[in-house]
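Here is a short report on one protein model. It starts with charged pairs, then turns to the interior, the surface and the overall build.

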Amino acid sequence: MGLHRTVLELMEQAKVEAQLNGGKLRVTDTYTGKAFDVALRQGKFITGPDTATHLTISGKAADKPVNIVIDSVSLKQANDGRKSVPVTLTANVGDIALNAESDVSLPINPQKLNLTFKATTPNLDRFNAFTGLELPPYGPVTVAASLSTDKVGYHLRNMLVQVGSSKLQGKGDFLPPMKGQDRPTVSLDLSAPFIQIDDFKVKNWQAWLPKDSKEKTVPAKAKTADKPVPVLSPEGLNKLNANFKLNVGEVRSGKDWLGAGKLDWTLHNGLLSLNPLHIKLPGGNIDIKGSVKAQKELFDIHLEGLVKNFDYGIITRRIDPKTDMHGKISFKFDLNSLANTPDSLMNNANGFIGFAAWPKAFQANLIDLWAVSLADAVLPKFMNKDNSVLNCVAGGFNVKNGNMTQRDLLLDTSRIQVHGAFDASYKNRDFSLYLSPKSKRAQIFSLQTPVEVNGSFEKFHFGVPLSAILETSVRFTTSPVVAPLQWLFEKPIAANGSAECQRIWQGKS
């Protein structure tokens, strides 16, 4: 006891001032033993009986400049019998900033820590070098929370995450891999009164390698340890297990209000599951669920989606705020595919796709999709001459090994209905379309000539088959006899075919 007291008295009276030049600081994870190394350039340590403890360090880690400042009480205060000492930490790694405070219990146990912190970064991709993943470049990002440790890992409570104007609250956990485990587990459970989708817009980033990338998939161990990999890659999907939940009271897109939203996804042993994404729209909903799992160099992808009464003007106004293009669309899909990237999902897809649209104003050059360009080319063929009003367009398509054929295809106007036959190959990126119009009420000397469209998704042309010309000629010639009989015995086609469009997009027979 006497020796112990002597040591304490010596410490209380000692005054230390040390300069650090060169060397290495190793920050070791107490759970896994993995270390974060800082190559020291210089540093300074000061403490004394009546001098607050102060440590400054500068150096480099992961090719980023590092500055660390730690402050605490004097030696006399540290040895006055208290059970904990206050510590503040300020650290900068590149342009990532961290400020933390804690009352550290004595003796120090790394698995029984409690602190509060605030971290900021101009962009989430600053963590690529530390996570080994190519993260989305969201930013600026601020995270504040209370952090505690126990025998199994790190726990975040009273968590606030801010991305732009979007503020999310909740909790999180990081559980390092224990004995017999090969990956950590990350969990986040967040909620927000609203989020602004514009805060999460990214440019020149995608979660997977481009489909034309020449990089071949190789085992994770063969990758260089310091090269980040895409999130949706065999290596990325096997980096960790994860659970993510997000509940949002209001989702906004620019000035447009979408509605409440929920997102729930898990990553477990390489299987990414979306279950589900739900957005409650004015007048409808969006529900999407699915899964992705790597199979050697390919991905086994399953996607199911249901969209009801979505006002696509929300999308068009994001592209051109001045456009008046709008209308409602409903959409359904159930697809399975083996693909080397989600970009090539449709090349080997199997399943069903159905849609129906009720356009109010149309501007084809606004959206760069081949199907929209096709619609822009086809619609005038059936509407310009008789001042028809377009009621709806609908299609139901079977998809087999990347080839799409119609179950039903309908264009309904106030004067005619147009039925179609459609074949497309996503592998070859070509299609053929045969459209056959029929007046809603039988007419004498009416020309209702079918139209044929074929070509590639990027370039296609119109034609009128010879058989269609002969068919039209016979119908034109016999119409004075046939039309009156149709007036008497045939039930007229409904003035508005919306009910038929509803049946088609839902895949009902």
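The count of salt bridges in this predicted model comes to eleven. As a general point, side chains of opposite charge can pair when their charged atoms come close. Three of the pairs are set out below.

| Salt bridge | N to O distance | Relative accessible area, acidic residue | Relative accessible area, Arg |
|---|---|---|---|
| Asp80 with Arg82 | 3.1 Å | Asp80, 45% | Arg82, 30% |
| Glu250 with Arg252 | 2.6 Å | Glu250, 22% | Arg252, 31% |
| Asp408 with Arg503 | 3.6 Å | Asp408, 27% | Arg503, 21% |

What does the bridge between Arg503 and Asp408 tie together? Arg503 sits in helix 8 (residues 498–505), while Asp408 belongs to strand 24 (residues 403–413). The pair therefore links parts that are 95 residues apart in sequence. Arg503 is partly exposed, and Asp408 also counts as partly exposed. Elsewhere, Asp95, Asp125 and Arg126 form one network, joined by salt bridges that share partners.

The two other tabulated pairs can be placed on the same scale. Asp80 is partly exposed because its relative accessible area, 45%, falls between the 20% and 50% cut-offs. Its partner Arg82 is partly exposed as well, at 30%. Glu250, at 22%, is partly exposed, and Arg252 is partly exposed at 31%.

Now the interior. Nonpolar side chains tend to be buried together in soluble globular proteins. Here the largest nonpolar core holds 25 residues. Which of its members touch the most others? They are Phe117, Met159, Val161, Leu168 and Phe310. Several strands give two or more residues each to this core. Among them are strand 8 (114–121), strand 10 (141–149), strand 11 (154–163) and strand 13 (185–192). Strand 16 (241–253), strand 18 (271–281) and strand 20 (298–311) are also on that list.

Take Leu168 as an example. Leaving aside residues up to four places away in sequence, Leu168 touches Met159, Leu160 and Val161. Under the same condition, Leu168 also touches Leu190, Ser191, Ala192, Ile195 and Leu246. A second core is separate and has 23 residues, including Ala349, Met404, Leu411 and Leu435.

Is Ser102 buried or exposed? Ser102 is buried, because its relative accessible area of 13% is under the 20% cut-off. Ser102 lies in strand 7 (residues 96–105). Its side chain reaches the backbone oxygen of Asn114 at 2.5 Å. Beyond four places in sequence, Ser102 touches Val85, Pro86, Val87, Asn114 and Leu115. Asn114 thus appears in both the side-chain approach and the list of contacts.

Nonpolar groups also reach the surface. Val27, Phe36 and Phe130 make a nonpolar surface patch of about 230 Å². Val27 is in strand 2 (residues 24–28). With a relative accessible area of 43%, Val27 is partly exposed.

Finally, the overall build. The protein has 509 residues, and 36% of them count as buried. Its secondary structure comes to eight helices and 28 strands. Among contacts with a separation of 6 or more, 48% join residues 24 or more positions apart. The accessible surface comes to about 28,900 Å². Carbon and sulfur atoms account for 57% of that surface.

Conventions. Residues numbered from 1 in each chain as written. Predicted model: local features only at pLDDT ≥ 70, side-chain atom pairs only at ≥ 80, totals over all residues. Heavy atoms only, no water. Helix = DSSP H or I, 4+ residues; strand = E, 2+ residues; numbered from the N terminus. Buried < 20%, exposed > 50% of the residue type's maximum accessible area, 1.4 Å probe, protein only. Contact = heavy atoms within 4.5 Å. Areas by Shrake-Rupley, 256 points an atom, 1.4 Å probe, with all protein chains shown as cover. Polar contact = N/O pair within 3.5 Å; in protein donor to acceptor, adjacent residues only side chain to side chain. Core = buried A, V, L, I, M, F, W, Y, C linked by side-chain atoms within 4.5 Å. Patch = residues over 30% accessible without salt bridge, like charges linked within 9 Å, V, L, I, M, F, W, Y side chains within 5 Å. Salt bridge = Lys/Arg side-chain N within 4 Å of Asp/Glu carboxyl O.
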